[in-house]
Amino acid sequence: MSYLKQHTIGQSVWCSGVALHCGLKVALVLRPAPVDHGIRFLRTDIPDCPSISAYYNNVVNTFQATTIGSAGIAVSTIEHLMAALYGCGVDNLLVELSGPEAPIFDGSAAPYVKLIRKASIVEQDGARNYLTIQKPLTVAKGDSFIKASPCDQFQVRYEIDYPHPRVGKQKYSWALKNGSFGREIAKARTFGFLKDVLKLQRMGLIKGGSLSNAVVFDDSELLNLDGFRYEDECVRHKILDFIGDLALTGLPVLGSFEIRKAGHALHSRFLTELMDGKGYAIPKRLHFPAAYLSSGVSALA
Ligand SMILES: [Zn+2]
């Protein structure tokens, strides 16, 4: 695939799955969309099927997931699908959902990547624009921060520090290049702690949560019998979430990001400061480094 052209999918595909927070079984259809359409979510369970653009200024909630909404309707937990679309280089797509939340599947982006590949990724007759970071920008809260700086590729360095013997300090550096999203990031699952489960359930959340769609820890151990998919699965999932939220700029991004202990709320604040503060440019011509060869999922190991 060419990095210089926009892409959609070759045919509609559908599947269904349980949503993590509302616990409902939701049907999902991905449909091809024309050049400059972007990513839109459409609620087929509501009269007149209203739709919402996957754009940073439609974010209405960032607690435990990213929710976009407008005109009284919302779609939540979109970040894993958004990360998969970004990693696959899909610019234009209509996402139909029969409920208020995207399915969680196994808690990673891999099932979404599989679905997108099944639909095939096709080049369109429209130039692709990139959003480039123009000047260093830092947003911080306590000891959490996101630092963005100009770079001729898309790269993320992430650090987490959880006071848990199976997590602790984890660091991971990742750059989008040939196959790297599928190989290094897509399979990393969401994670949580047993001590938070009851509290979240009382708040009406994680009704669909189970060991089949999350990595779960008790006070000292990992509860999933099949173990981790990567030793540092937690920090890789944090990168996955960041990519999914960054995709709400509406364009692929060229920049370098150094992040420590962030989450959906800080991601969203960063996006607002970047976009509203005009810390970016959309240049007409770009020079890509040799590493920037093709889709992030050409090899889903
Ligand atoms: Zn996540």
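**Figure 1. Contacts of Glu159 in the predicted model.** Beyond the four places on either side in sequence, Glu159 touches Lys169, Gln170, Lys171, Val235, Ile259, Arg260 and Lys261. The model shown here and in the other views is predicted. Glu159 belongs to strand E14, which covers residues 154-162. Its relative accessibility is 18%, so Glu159 counts as buried. One of the residues touched, Arg260, is 101 residues away from Glu159 in sequence, while the two C-alpha atoms are 4.8 Å apart.

**Figure 2. Asp106 and its surroundings.** Asp106 sits in the loop that joins strand E9 (93-97) to helix H2 (110-119). With a relative accessibility of 16%, Asp106 is classed as buried. Apart from neighbours within four places in sequence, the residues in contact with Asp106 are Pro111, Arg189, Ser212, Asn213, Ala214 and Arg229. Ala214 is 108 residues from Asp106 along the chain, and a distance of 6.8 Å separates their C-alpha atoms.

**Figure 3. Helix H2 and the elements that cover it.** The buried residues of H2 are Ala110, Tyr112, Val113, Leu115, Ile116 and Ala119. An α-helix has 3.6 residues a turn, so residues three or four places apart point the same way. The cover over the buried residues of H2 includes two helices, H1 and H3 (180-185). Strands also contribute to this cover, among them E1 (5-9), E2 (13-18), E3 and E10 (121-127). Ser120 follows H2 and has a positive phi, near 65 degrees.

**Figure 4. Helix H1 within the structure.** Helix H1 spans residues 79-88, and 10 of its 10 residues are buried, so the helix is largely enclosed by the rest of the structure. The buried residues of H1 are Glu79, His80, Leu81, Met82, Ala83, Ala84, Leu85, Tyr86, Gly87 and Cys88. After H1 comes Gly89, with a positive phi near 75 degrees. H1 is also among the elements covering the buried residues of H2.

**Figure 5. Arg31 in strand E3.** Strand E3 runs over residues 25-32 and contains Arg31. The relative accessibility of Arg31 is 32%, which places this residue in the partly exposed class. When neighbours within four places in sequence are set aside, Arg31 is in contact with Ile9, Ser12, Leu93, Leu94 and Glu96. Gln11 is 20 residues from Arg31 in sequence, with 6.7 Å between their C-alpha atoms. Strand E3, which holds Arg31, is also part of the cover of the buried residues of H2.

**Figure 6. Two residues other than glycine with positive phi.** Ile206 has a phi near 45 degrees. This residue is found in the loop between helix H4 (194-202) and strand E17 (215-217). Ile206 is buried, at a relative accessible area of 13%. For Lys278, phi is near 50 degrees. Lys278 is placed in the loop between helix H6 (264-276) and strand E19 (280-281). Its relative accessible area is 55%, and Lys278 is therefore exposed.

**Figure 7. Contact between the two assigned domains.** The domain assignment places residues 5-127 in domain 1 and residues 131-281 in domain 2. The contact between them takes 32 residues from domain 1 and 40 residues from domain 2. A distance of 19 Å separates the C-alpha centres of domain 1 and domain 2. Asp106 and Ala214, in contact with each other, can be located in this view.

**Figure 8. The whole chain, for orientation of the close-ups.** The secondary structure comprises 6 helices and 19 strands. Along the principal axes, the C-alpha atoms fill a box of roughly 50 × 45 × 35 Å. The radius of gyration is 18 Å, in agreement with the value near 19 Å for a compact globule of 301 residues. Buried residues make up 56% of the 301. Of the contacts between residues at least 6 apart in sequence, 76% join residues at least 24 apart. The exposed area of the protein is about 12,900 Å², of which carbon and sulfur atoms supply 53%. The protein has 33 positive and 28 negative charges, and the mean positions of the two sets are 2 Å apart.

Note on methods
Residues numbered from 1 in each chain as written. Predicted model: local features only at pLDDT ≥ 70, side-chain atom pairs only at ≥ 80, totals over all residues. Heavy atoms only, no water. Helix = DSSP H or I, 4+ residues; strand = E, 2+ residues; numbered from the N terminus. Rg over C-alpha atoms; globule rule 2.2 N^0.38 Å. Buried < 20%, exposed > 50% of the residue type's maximum accessible area, 1.4 Å probe, protein only. Contact = heavy atoms within 4.5 Å. Areas by Shrake-Rupley, 256 points an atom, 1.4 Å probe, with all protein chains shown as cover. Lys, Arg positive; Asp, Glu negative; His and termini not counted. Charge placed at Lys NZ, Arg CZ, Asp CG, Glu CD. Domains from an automatic or database assignment.
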